[in-house]
Amino acid sequence: MSWFTKLDQAAFAAEMVGRIAFEKLQTGIVFNPQAKQLRDDPHPFYRKLRERDPVHRSGIVDGLVLTRYDDALQVLSDRAFSAEDRSWRRWSRFARIMAGRGVPDPYERDPSMLRLDPPRHTRLRSLVSKAFTPRAIDRLRPRVEALAEELLDRLPATGTIDLVDALAVPLPVIVIAELLGVPSEDQDRFRAWSEHVAMSLGDGSAATLRNSQKATAELSTYLGTIADQRRAEPRDDLISDLVAVEEEGDRLSEGEMLGVCVLLLVAGNETTTKLIGNGVVAMLRHREQLEILQSEPKRIEAAVEETLRYDGTVQYTSRFATEDTEIGGFQLAAGRQAIVVLAAANRDPDRFPDPDRFDVSRDDIRHLAFSHGTHFCLGARLARLETEAAFKALIERYPQLDFADAPVRWSPNTILRGPEALPLALAGRHAID
Ligand code: HEM
């Protein structure tokens, strides 16, 4: 059944237009993450917002939008802020109409650990944490590095390629598929499913929610079949481990188990794919930095950190005040939302000198690209490893790497920023004719 009719979509769009107009009138500046102008480069807008209105009252999200590093850190560290999304029904007229028709709240059904507070969060996180300990991830290094090389082996020595299709998508998809224990031949289906599910993180429109619900349902059915196979015949993989926990009693329901798998696929694929793309764009736009990496490959690790700071994937996250609270001199009433713009905090000049410069030799790159506190990215070490392997393989193999004569196409996903097409000339731009 389709929950959202064309009329619903129009009602939602109309509600958003009204909210944008109200915000513009109140503050003279609008934080609209869906705005098309932000797609190619959101940073000039973030800078303007941070300079003019760093604690911005937003009509669209009915709360505060934070772009300074210290404010971001305060909200992410403070127990007075909850990750459980409670306000959608309250602030959206559209959502209330849907509720009246018995449509389940998309944010409340089967919440993932991302949207839970302790102790419910702790329980889910601890069940998967053992697959992500430093030792477990370090053991994957040879496989991840070999995979990056294998993917590049399939490419020609010269000519143009799309880096997204050739390397940035398959590398994390295959790694997470192997970790979970699902066949890597299904990577194209994973890509499509995880893209649809991830889109709903940054776009609350009815059409996107509908696609994302369909993709989640298909992915869950698919993973459910694999879980059944592992119940009958366990293997050395994460789905078998999770199934074993489920069978121990009431510790993990089937819905929760599938939710964990879906989260890992979505959180683990799109984010890393886009980080690899963002890093390569940054290096090619700052060739002197690429040259440093070519002559000093040991700095590639720092280049990954600088990419996370300079152009990290996750643009923002949100928290809800559980009590009346002050942030940056402004009051946020209990129940209201704080949008923490991680990508803007990472370019706060009070925290990072000359923040708009991509500089792989920075001394202190302690960014917030993986968030902070309770929800600090569980896959951070794996993401770093994959991105480092991708950068290393590319830099070593293609010293003349350059943009091809076709534009970078940026993804319409406004929460996970990155290229969806990155045409590159492997042997330099002039060698391709
Ligand atoms: C460049 C790649 C990645 C980036 C930028 C990234 C970023 C983030 C951020 C910002 C959060 C926290 C959001 C919040 O505080 O509300 C998060 C949480 C999470 N990430 Fe990542 N992530 C990446 C890769 C991965 C990978 C590879 C995996 C696993 C395979 C993963 C799994 C998770 C999980 C499970 C959570 C939820 C943690 C919790 O709620 O306790 N991520 N990630």
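Glutamate 388 and arginine 141 form a salt bridge, with their closest N and O atoms 3.6 Å apart. That is a good place to start exploring this structure, which is a predicted model. Glutamate 388 belongs to helix α17 (residues 380-397) and arginine 141 to helix α7 (residues 134-153), so this pair ties together parts that are 247 residues apart in sequence. Are the two partners buried or exposed? Glutamate 388 is buried, because its relative accessible area is 15%, under the 20% limit. Arginine 141, at 29% relative accessibility, counts as partly exposed.

**More salt bridges**

How many salt bridges are there? The count comes to 30. Another one links the side chains of aspartate 228 and arginine 231, at 2.5 Å from N to O. Here the partners are three residues apart in helix α11 (residues 206-232), so about one helical turn separates them. Aspartate 228 is partly exposed, with a relative accessible area of 44%, and arginine 231 is also partly exposed, at 24%.

A further salt bridge brings together the side chains of aspartate 356 and arginine 347, at 3.0 Å from N to O. Aspartate 356 counts as partly exposed at 30% relative accessibility, whereas arginine 347 is buried at 7%. This pair belongs to a network: salt bridges with shared partners join Arg47, Arg347 and Asp356.

Here are the three pairs side by side.

| Acidic partner | Basic partner | N to O distance |
|---|---|---|
| Glutamate 388 | Arginine 141 | 3.6 Å |
| Aspartate 228 | Arginine 231 | 2.5 Å |
| Aspartate 356 | Arginine 347 | 3.0 Å |

**A sheet and the helix packed on it**

Now look for the open sheet of five strands, which has mixed pairing and the order β1-β2-β8-β5-β3. Which strands lie at its edges? They are β1 (55-58) and β3 (81-82), each of which pairs on one side only. Further in, β2 and β8 (residues 337-340) run parallel and are joined by four bridges. Across this pairing, valine 65 stands opposite isoleucine 339 in β8. Helix α3 packs on the sheet and touches β1, β2, β3, β5 (317-321) and β8. The direction of α3 makes about 125° with that of β8.

Between β2 (63-66) and α3 (69-77) there is a loop, and threonine 67 lies in it. Threonine 67 has 0% relative accessibility, so this residue counts as buried. What is threonine 67 in contact with, leaving aside neighbours within four places in sequence? The list is Tyr46, Leu49, Arg50, Pro54, Val341, Ala344 and Ala345.

**Two helices that cross**

Finally, turn to helix α13 (residues 254-285) and helix α14 (residues 287-295), whose axes come within 5 Å and cross at roughly 105°. Because that angle falls in the range from 65 to 115 degrees, α13 and α14 are roughly perpendicular to each other. Which residues make the contact? From α13 come Met283, Leu284 and Arg285, and from α14 come Arg287, Leu290 and Leu293. Sorted by kind, the residues of this contact are four nonpolar, no polar and two charged.

Technical notes
Residues numbered from 1 in each chain as written. Predicted model: local features only at pLDDT ≥ 70, side-chain atom pairs only at ≥ 80, totals over all residues. Heavy atoms only, no water. Helix = DSSP H or I, 4+ residues; strand = E, 2+ residues; numbered from the N terminus. Buried < 20%, exposed > 50% of the residue type's maximum accessible area, 1.4 Å probe, protein only. Contact = heavy atoms within 4.5 Å. Pairing = 2+ DSSP bridges. Axes fitted to C-alpha atoms, helices over the stretch in contact; angles between N-to-C directions. Salt bridge = Lys/Arg side-chain N within 4 Å of Asp/Glu carboxyl O. Parallel < 35°, antiparallel > 145°, perpendicular 65-115°, else oblique. Nonpolar A, V, L, I, M, F, W, Y, C, P; charged D, E, K, R; others polar.
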